[in-house]
Amino acid sequence: MFEIKELNAGYEFRNRFVHAVRNVSLTVEEGDFYGIAGESGCGKSTLVLAALKLLKKPGKILSGQVLLDGVDVLSLPDETLRKIRWKRLSLVTQSSMNSLNPVKRIKDQMADVLIRNHGFSKSDAYNLVKEKLQLVGITADRMESYPHQLSGGMRQRVVIAMALLLSPSVVVMDEPTTALDVVVQRSILQQIEELRKKENFSTIFITHDISLLFELASKISIMYAGELVEIGLARDVYTRPMHPYTKGLIEALPSISKDLDSYKSIPGRPVDLAIPIQGCPFKERCPYAFERCAVEKPQMRYIELDGNGRWVSCHLY
Ligand code: SF4
Ligand code: MG
């Protein structure tokens, strides 16, 4: 239902191009909780912004398609896209909660969208606002509040309720809880998962914290240096990671059964996306690298594993 095809995007400066999204393809099916993980700066947010045609200058989409039920979102006029954005496709980001208007009551800023862009009457709009806020655990009396009267966690719940106002089929969440403390994060994530089942939308969930995905996601993609390097079912990837970068991410996860000194962080730094990459982008940090990795870029390959498929881009396979 939502498909990104060979998307290339980045940032154009006078004398260099930061190629932040490199030939990314992925397919989200109805009901999927699709996770995308990778360290900060790997291009996750650029991917999301490009895919929703929200990338601002100097951002630029070079090529690719983004299909929502077969229609290429990138080729739609902005006006059509604005309508679709709430109805079919919506976005929650880490900073969404700070973009609430400080001088407007919660109920009015939520209702505004409905009244202005979707022809709702005031009372219908308020009713819907109330209903969606209840879904995220915010009671009707809070509708009268101004943003500063709510905690960070509540503000982010408001933003999530806002994204769900018109029952979109795909909700994209880019680090939606990263700014919040761990306990609040956890409860919001559980709520998102319940909501997803109740409201029946697909989620694309972007995070630098892969551990969140193993709990929640059905499918995951691992992103490194602007590319997807591994795609599979979340629990399969967790129990049997194939790409050396994915292995590194999982080895770095804290767990109660691990000694402190058995944590391994991945050595080295992320690559500079403004410089052309020779061979495998992960080669400098990869404990398995061999000669071929320096000269030949690995391609995504499909690997059949116990009845389920996995896509991996690594010369080891
Ligand atoms: Fe490591 Fe080579 Fe595989 Fe890249 S292609 S991840 S360097 S083994
Ligand atoms: Mg980001």
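Two strands count as paired here if DSSP finds at least two bridges between them. Strands and helices are themselves DSSP runs, numbered from the N terminus (E with at least two residues for a strand, H or I with at least four for a helix). With that in place, strand E1 (residues 2–12) pairs with E2 in the antiparallel sense, over 7 bridges. Leu7 has Val24 as its bridge partner in E2.

A word on the model before going further. It is a predicted one, in which local features need pLDDT of at least 70 and side-chain atom pairs count only at pLDDT 80 or more, while totals for chains, interfaces and linings use all residues. Residues are numbered from 1 along each chain as its sequence is written, with chains lettered from A and ligands numbered from 1 in the order in which they are written. On pLDDT, the predictor's confidence in each residue on a scale from 0 to 100, the protein chain averages 91, and 97% of its residues reach 70 or more. For the complex, the predictor gives an ipTM of 0.98 and a pTM of 0.92.

The protein chain holds 10 helices and 12 strands. Its radius of gyration is 20 Å, close to the 20 Å that the globule rule gives for 317 residues, so the chain is as compact as a globular protein of that length. Here the radius is taken over C-alpha atoms, and the rule is 2.2 Å times the number of residues to the power 0.38. Along its principal axes, the C-alpha trace spans about 65 × 50 × 40 Å. Of the 317 residues, 39% are buried; buried means 20 or more other C-beta atoms within 10 Å of the residue's own, exposed means 12 or fewer, and partly exposed lies in between, with C-beta atoms placed from the backbone.

Back to the E1–E2 pair. These strands belong to an open sheet of 4 strands in the order E2-E1-E4-E5, with antiparallel pairing. Strand E2 (17–28) and strand E5 (71–72) stand at the edges with a single partner strand each, so one side of each has no neighbour in the sheet. Strand E1 also contains Glu6, which is not a glycine but has a positive phi of about 45°. Glu6 is exposed, with 11 other C-beta atoms within 10 Å. Tyr11, found in E1 too, is partly exposed, with 18 other C-beta atoms within 10 Å. The C-alpha atoms of Tyr11 and Gly59 are separated by 4.2 Å, although these positions lie 48 residues apart in numbering along the chain. A cis peptide bond joins Lys57 and Pro58, with omega about 5°. Pro58 sits in the loop between helix H1 (44–51) and strand E4 (59–68).

A parallel arrangement turns up around strand E8 (residues 202–207), where 6 of 6 residues are buried. In a regular strand the side chains alternate between the two faces of the sheet. Both faces of E8 are covered, with Ser202, Ile204 and Ile206 buried on one side and Thr203, Phe205 and Thr207 on the other. Strand E3 (residues 33–37) runs parallel to E8 and is joined to it by 5 bridges. Tyr34 stands opposite Ile204, and Ala37 has Thr207 as its bridge partner. Strand E7 (residues 170–174) also pairs with E8 in the parallel sense, over 5 bridges, and Val172 is partnered with Ile204.

Strand E3 is itself largely enclosed by the rest of the structure, because 5 of its 5 residues are buried. Its faces are both covered: Phe33, Gly35 and Ala37 lie on one side, Tyr34 and Ile36 on the other. E3 is also joined by 4 bridges to strand E9 (residues 219–224), running parallel, with Ile36 opposite Ser221.

E7, helix H6 (residues 182–199) and E8 make a right-handed β-α-β unit; right-handed means that, with the strands pointing away from the viewer, the path from the first strand over the helix to the second runs clockwise. In the loop between H6 and E8 lies Asn200, another non-glycine residue with a positive phi, about 60°. Asn200 counts as exposed, with 11 C-beta neighbours inside 10 Å.

Finally, the ligand. Residues surrounding ligand 1 include Cys280, Cys286, Cys293, Cys314 and His315, where a residue is near a molecule if its C-beta atom, placed from the backbone, lies within 6 Å of it.
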